[in-house]
Amino acid sequence: DRITDLTDHMGADGKLAWDVPAGNWTILRLGHTCTGAMNAPSPASGRGLECDKLSKEALESHFGPLMGKLIAEAGPRAGKTLVATHIDSWENGSQNWTPRFREEFQRLRGYDPIPFLPVMTGRVVESLEVSERFLWDLRQTIADLLNENYAGHLAALAHQHGMRLTIEAYGDTTCDNLAYAGRADEPMGEFWSWPGFGAGGTLVEMSSAAHVYGKPVVGAEAFTAGDGERWLYHPGSIKAMGDWAFCLGINRFVFHRYALQPWPQV
């Protein structure tokens with residue numbers, strides 16, 4: 001089978017003008033668009049589309065209006081009291097393209113992906129072996145771009161302001177969690193007090209990443225609870241969970257949330 005790029009035969013009006021050679025042809029029109037994934041959970045005023053995780057430019061357009069405003073408001077306290085920015089566990093679905101993906105793929109893999117794009121539709125190009133090899137390269141490129149242009153670049157932006165980056169580097173990610181965590185100053189896991197001892201695997205995973213990449217501090221989103229807990233726990237009842245997390249390598253607790261009622265008479 002022969003693959004022919006017909007891009008140059010496509011007019012501005014979207015019509016294809018091509019003198020078709022003899023034979024049987026399947027014409028594919030491929031494009032890219034936003035996945036439609038929205039940030040969550042968030043208040044209505046903060047709802048919007050997730051940023052492109054494979055593009056430095058997209059990250060900067062996200063960082064400036066969000067963290068940039070907080071840093072400006074903090075002024076000289078940025079890096080002192082405002083000490084870190086954070087990526088929570090991956091819960092926003094997958095992504096397999098970005099506007100500069102072709103150039104980035106050529107830079108990282110050394111060949112043009114365009115002739116192999118039909119493989120992304122489930123077709124075989126040249127051979128099954130070649131097609132599987134392309135899919136491996138495709139996934140590796142996505143992982144590389146996420147680590148370089150998202151996690152790595154966010155760490156660099158944080159460092160410019162004297163801050164550090166923490167990442168809960170797991171979930172439905174499109175990369176190697178270990179390498180993803182390695183871009184953080186502090187890898188973070190999580191554990192839940194309700195149901196008890198939940199998400200313990202993330203503690204082992206992030207402790208392992210810290211060990212591999214020489215990160216001295218390993219955090220954990222700590223003692224998170226759902227509505228089933230109903231305010232029945234107190235510090236003594238969750239001490240065993242804290243000890244368990246310490247034993248799995250965690251040395252910094254980041255409390256997920258707490259409620260403050262400073263006026264008990266109200």
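**Notebook: H1 and its surroundings, then some odd backbone spots**

I started with helix H1 (56–74), asking what its buried residues pack against, and found strand E1 (84–87) and helix H3 (128–160). Note to self: this is a predicted model.

**H1**

I listed the buried residues of H1 next, and they are Ala58, Leu59, Phe63, Met67, Ile71 and Ala74. So I have both the residues and their partners, E1 and H3.

Then I followed the helix axis. Where does H1 kink? I put the kink at Gly64, with a bend of about 45°. The proline Pro65 comes shortly after that kink.

I also checked what happens just after H1, and there Gly75 takes a positive phi of about 60°.

**E1 and its partner**

I moved on to E1, since the buried residues of H1 pack against it. Which E1 side chains point to the buried face? I got Thr85 and Ile87 on that face. Ala84 and His86 point to the other face and are not buried, giving an alternating pattern along E1.

For the strand partner I looked at E2 (residues 164–167), which pairs with E1 in the parallel sense. I noted four bridges between E1 and E2. As a marker for the register, I wrote down that Ala84 stands opposite Arg164 in E2. Ala84, then, is one of the E1 residues on the face that is not buried.

**Cis peptides**

I went looking for cis peptide bonds and noted two places. One joins Ala40 and Pro41, with omega about -5°. I located Pro41 in the segment before H1.

Another cis bond joins Trp194 and Pro195, where omega is about -5°. Pro195 sits in the loop between strand E3 (186–194) and helix H5 (200–213).

**Positive phi outside glycine**

Gly75 did not hold me up, but I did stop at Glu126, which has a positive phi of about 70° and is not a glycine. I found Glu126 in the loop between helix H2 (101–109) and H3. Buried or exposed? Glu126 counts as exposed, because its relative accessibility is 65% and the cut-off for exposed is over 50%.

Phe223 went on the list too: not a glycine, yet phi is positive at about 60°. I placed Phe223 in strand E4 (residues 219–225). Is Phe223 buried or exposed? I have it as buried, since 17% relative accessibility falls under the 20% limit.

**Ile27**

Last, I turned to Ile27, which lies in the segment before H1. I put Ile27 down as exposed because its relative accessible area is 51%, and the cut-off is over 50%.

What does Ile27 form on the surface with Met10 and Leu16? I found a nonpolar patch, and together the three residues have about 240 Å² of accessible area.

I then pulled the contacts of Ile27, leaving out residues up to four places away in sequence, and got Leu6, Leu16 and Trp18. Leu16 therefore turns up twice for Ile27, as a patch member and as a contact, where heavy atoms come within 4.5 Å.

One distance for the record: I have the C-alpha atoms of Ile27 and Lys15 separated by 13 Å. Ile27 and Lys15 are 12 residues apart along the chain.

Notes
Residues numbered from 1 in each chain as written. Predicted model: local features only at pLDDT ≥ 70, side-chain atom pairs only at ≥ 80, totals over all residues. Heavy atoms only, no water. Patch = residues over 30% accessible without salt bridge, like charges linked within 9 Å, V, L, I, M, F, W, Y side chains within 5 Å. Areas by Shrake-Rupley, 256 points an atom, 1.4 Å probe, with all protein chains shown as cover. Salt bridge = Lys/Arg side-chain N within 4 Å of Asp/Glu carboxyl O. Helix = DSSP H or I, 4+ residues; strand = E, 2+ residues; numbered from the N terminus. Buried < 20%, exposed > 50% of the residue type's maximum accessible area, 1.4 Å probe, protein only. Bend = angle between axes of the 7 residues up to and from the residue. Pairing = 2+ DSSP bridges.
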